[in-house]
Amino acid sequence: MSRAKCIMVQGTMSGAGKSLLCTALCRIFAQDCYRVAPFKSQNMALNSFVTRDGLEMGRAQVVQAQAAGMEPDVRMNPILLKPSSDVGSQVIVNGEVRGQMPAAAYFKLKKSLIPDILAAYDSLAEEVDIIVIEGAGSPAEINLKADDIVNMGLAKLVDAPVLLAGDIDRGGVFAQLYGTVELLEPAERARIKGLVINKFRGDAAILKPGLTMLEEKTHLPVLGVVPYLRVDIEDEDSLSSRLESNTAVKPLDAAILRLPHISNFTDFMPLEQHPLLSVRYVQSPRQLGAPDVVILPGTKNTIDDLLWLRQCGLEAAVQKLATSGTPVLGVCGGYQMLGETLADPEGTESGRSQTVRGLGLLPIQTVFTDAKHRTQDTATVTAPQLAGAVLTGYQIHTGRTAVQGVPFCRLADGSAEGCVKDNVAGTYLHGLFDTGELTEKLVQLLCSRKDISPASAPLLSMQEYRQQQFDLLADGVRRALDMNALYAAMGLEGRNTL
């Protein structure tokens, strides 16, 4: 087959909506009967995923692959940076950990990764019709342009036409777009085939004078004004607005600790669908209050975040709630925190050799090593009151945990996983609520504790729910964009079958 066509979405800033626009385009092209794959050369995020072959990639491209009807493949995100501090990250190349690096060291390294990027891209390009490429941050970050491998630098390498998106919801969208274009080199401007105004609320007719002036000043067409779409699709990182929710408004109150290095908070999106569950993120004992269930999520820095819990008073508050009978659940790093000790003899997790006490709510001990455990798993919960729920998910962690107590679940091969003691449970499984079965069991448990009748309407599985949301997103973006112009920019003809 011939090499795939491509389109690249760049933005005027982080949070301009690039990921959602790419997700929408993946869905639209798939609806139009093209084989399509997402691609982002370098992603920086704490939310990651394990592929079927045990490799790690960013969740944004996982979501985009799901929208395209594709199996997530590490080639879609060859470089993943997982921040571990303000000046350093774990560097993951082709799904494998390359090392922990300060920013300066990575900047010296990254040009040497271009062969890895191109090998991944070229391989995908032989298998699909269209590749939807996502940029990062802004192409006008002039201090970074010399070594760019993710915006215009990548566009040049793969000869990609570009859409430039600005976020009107934050204000100043005309300055965003005009300023970005003006800071680009002539050859870079020539790659931009159109501008997109994203997240608009109101009457688009009011924008017309501004759009006309923008086109005159940039000499580029505005290919669409995308409305603020109320769709529920997984967020990439801690910029997520869902983390700002800290008020309980439904009969059942689920409080998730908003750890400083929280990761994979998308695990808890399925809980938000339930009509009886209010999901909120808390950062202090005052915000925590007296919820019906407390959840400790994953984290990139387990020991540092455990010490933060201790310092801010949340540790004592959680221990008090657990002692009073409130259900407490820990996932991955949160599971490790619930144990008796966390040992980091080589400093691989925290940067120095140390052993710290955990919350002491589960009979487990964790030792951190260099080796990272990465698997996709199915399991059946065996913990009392939640027993029978079938889970599908994945593990991605560096700690090895010795369990002296009762397992939380059994994996498909019969091996024990996690731990439960009375009303406290922990597991390494991310995605544990995706099937909907554990959500139902948890709601039934919480309802019985408050003498509330559980909702009778069956929940959609997360997979079905995602597909519905992808279609809603695609419909909204298709209506807003000049799809004929977009196809023409790629040298293709649209073939809408809807």
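This report describes salt bridges, two buried residues and one β-sheet in a predicted model.

**Salt bridges**

The structure holds 24 salt bridges, and three of the pairs are set out in the table below with the distance from nitrogen to oxygen.

| Basic residue | Acidic residue | N to O distance |
|---|---|---|
| Arg 374 | Glu 96 | 2.8 Å |
| Arg 201 | Asp 169 | 3.0 Å |
| Arg 170 | Asp 167 | 3.3 Å |

In the salt bridge between Glu 96 and Arg 374, the side chains meet at 2.8 Å, N to O. Glu 96 belongs to strand β8 (residues 96-102) and Arg 374 to strand β21 (residues 364-381), so this pair ties together parts of the structure that are 278 residues apart in sequence. The two partners fall into separate accessibility classes: Glu 96 is partly exposed, with a relative accessibility of 41%, whereas Arg 374 has a relative accessibility of 17% and counts as buried, because the limit for that class is under 20%.

For Arg 201 and Asp 169, the closest N and O atoms of the salt bridge are 3.0 Å apart. This pair links distant parts of the chain, with Arg 201 in the loop between β11 (192-200) and α8 (208-218) and Asp 169 in the loop between β10 (162-167) and α6 (173-182), a separation of 32 residues. Arg 201 is partly exposed, with a relative accessible area of 45%, and Asp 169 is likewise partly exposed, at 37%.

A salt bridge also forms between the side chains of Arg 170 and Asp 167, at 3.3 Å from N to O. Here Arg 170 is partly exposed, at 49% relative accessibility, while Asp 167 is buried, at 2%.

**A salt-bridge network and the residues around it**

Salt bridges that share partners join Arg 59, Glu 234, Asp 434 and Arg 466 into one network. Of these residues, Arg 466 lies in helix α15 (residues 462-480), and its relative accessibility of 12% places it among the buried residues. When residues up to four places away in sequence are not counted, Arg 466 touches Arg 59, Gln 66, Glu 234 and Asp 434, a list that includes the network members Arg 59, Glu 234 and Asp 434.

Arg 59 is also one of the residues touched by Asn 264. Asn 264 is placed in the loop between β14 (262-263) and α9 (269-272), and this loop residue is buried, with a relative accessible area of 2%. With residues up to four places away in sequence again set aside, the other contacts of Asn 264 are Leu 46, Asn 47, Ser 48, Tyr 394 and His 430.

**A four-stranded sheet**

Strand β8, which holds Glu 96, takes part in an open sheet of four strands, arranged in the order β3-β6-β7-β8 with mixed pairing. The edge strands are β3 (42-44) and β8, each of which pairs on one side only. On average, and with direction ignored, neighbouring strands of this sheet are turned by 25 degrees against each other. Strands of a sheet pair through backbone hydrogen bonds, in either a parallel or an antiparallel manner. Within this sheet, strand β6 (residues 79-85) and strand β7 (residues 88-93) run antiparallel and are joined by six bridges, and Leu 80 stands opposite Ile 92 in β7.

Definitions and conventions. Residues are numbered from 1 along each chain as its sequence is written. This is a predicted model: local features need pLDDT of at least 70, side-chain atom pairs count only at pLDDT 80 or more; totals for chains, interfaces and linings use all residues. Side-chain values use heavy atoms; hydrogens and water are left out. Buried means under 20% relative accessible area, exposed over 50%, partly exposed in between (1.4 Å probe, protein chains only). Contact means heavy atoms within 4.5 Å. A salt bridge is a side-chain nitrogen of Lys or Arg within 4 Å of a carboxyl oxygen of Asp or Glu. Two strands pair if DSSP finds at least two bridges between them. Axes are lines fitted to C-alpha atoms, for helices over the stretch in contact, and angles run from 0 to 180 degrees between N-to-C directions.
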